[in-house]
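Opened a new notebook page for this one. I wanted to see how the helices pack and how the chain splits into domains.

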Amino acid sequence: MTDQTPLERLHRVQELDLSLDQLRAEEKNYPEALRAARAEQDRLNNELEETEITLEGVEKRLKQAEFDLTSVRDQIAHARDEQEKNAFDARAQSQYGSRIQQLEERREEMEEDLAPLRERQRELTEKAGGLREQYRAGRPGLAELETQDEQRIADLRAQGEDSRNERAELVKNLDARTVKEYDMIRKAKKGQGIAEVKAGRCAACNVMLPVNIQQKVAQNKLPPVKCPSCGRFLIKLDA
Ligand SMILES: [Zn+2]
């Protein structure tokens, strides 16, 4: 390794960086079973939430309807009392009679309206219970898959350990400014900071390089020559 030129070492740094990039990209490559289990638990959770919101609305309406019904029942009781108090008065009797009849009709209507609301409440409560049960049942399986995936990621990171150590070693023996600039170019170009010259062209952007640039690159010296088109460092590796 000692007979390598600084640029060759930098090129090796890039090989390591690219393989580390690949390992990092693989981390996000979640197994299908885990993806599916996460999606299913999310779906159950969202559906449960929606069901609970709908149920809340139904229960609010139900409460109001029950309150209104109680109030009509009170009005009926009150009218009956008044009717009794005025038992001797024929006109009052008939007035209260028709009032009671009206109220009774309303009471019946309200009782009829209550039945479907109660039915809906029962349905939604049952649905929410079922969803909660399904969600609970899916939890251990998902936890198991998540644990497996943590291990998969830990393995990938361990795989990168040798590359990271080799990189650190190489960088120690490289000019810090050159490495820093390489890192910046690599970041800006999202991948390669140094490109090979092949058949007179920059292998990264494929531009034909002027002869004087090719000659300078061939000297293999620092600071590195940059591609006039893409701005990457250039290196001529012996074939
Ligand atoms: Zn280029």
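My entries on domains and helix pairs follow.

**Entry 1, model and domains.** I noted at the start that this is a predicted model. Next I looked up the domain split: domain 1 covers 31-161 and domain 2 covers 174-235. I then checked the spacing, and the C-alpha centres of domain 1 and domain 2 are 68 Å apart.

**Entry 2, α2 and α3.** I pulled up helix α2 (residues 32-85) against helix α3 (residues 90-159): their axes come within 6 Å, and the crossing angle is roughly 160 degrees. Anything over 145 degrees counts as roughly antiparallel, so α2 and α3 get that label. I also looked up the hand of the crossing, and α2 passes α3 in a left-handed way. Sorting the residues of this α2–α3 contact by class, I got 25 nonpolar, 13 polar and 21 charged.

**Entry 3, α1 and α4.** Which way does α1 run relative to α4? I found helix α1 (residues 6-27) packing with helix α4 (residues 161-172) at about 155 degrees, the axes being 10 Å apart. That angle makes the two roughly antiparallel. The α1/α4 crossing is left-handed.

**Entry 4, who touches whom.** I listed the residues where α1 meets α4. From α1 I have R9, R12, V13, L16, S19 and L20, and across from them in α4 sit S163, E166, R167, L170 and V171. By class, I wrote down 5 nonpolar, 2 polar and 4 charged residues for the contact of α1 with α4.

Notes
Residues are numbered from 1 along each chain as its sequence is written. This is a predicted model: local features need pLDDT of at least 70, side-chain atom pairs count only at pLDDT 80 or more; totals for chains, interfaces and linings use all residues. Axes are lines fitted to C-alpha atoms, for helices over the stretch in contact, and angles run from 0 to 180 degrees between N-to-C directions. Angles under 35 degrees count as roughly parallel, over 145 as roughly antiparallel, 65 to 115 as roughly perpendicular and the rest as oblique. A crossing is left-handed if the near helix is turned anticlockwise from the far one by less than a right angle, and right-handed if clockwise. Ala, Val, Leu, Ile, Met, Phe, Trp, Tyr, Cys and Pro count as nonpolar, Asp, Glu, Lys and Arg as charged, and the others, Gly among them, as polar. Domain bounds come from an automatic or database domain assignment. Two residues are in contact if their C-beta atoms, placed from the backbone, lie within 7 Å.
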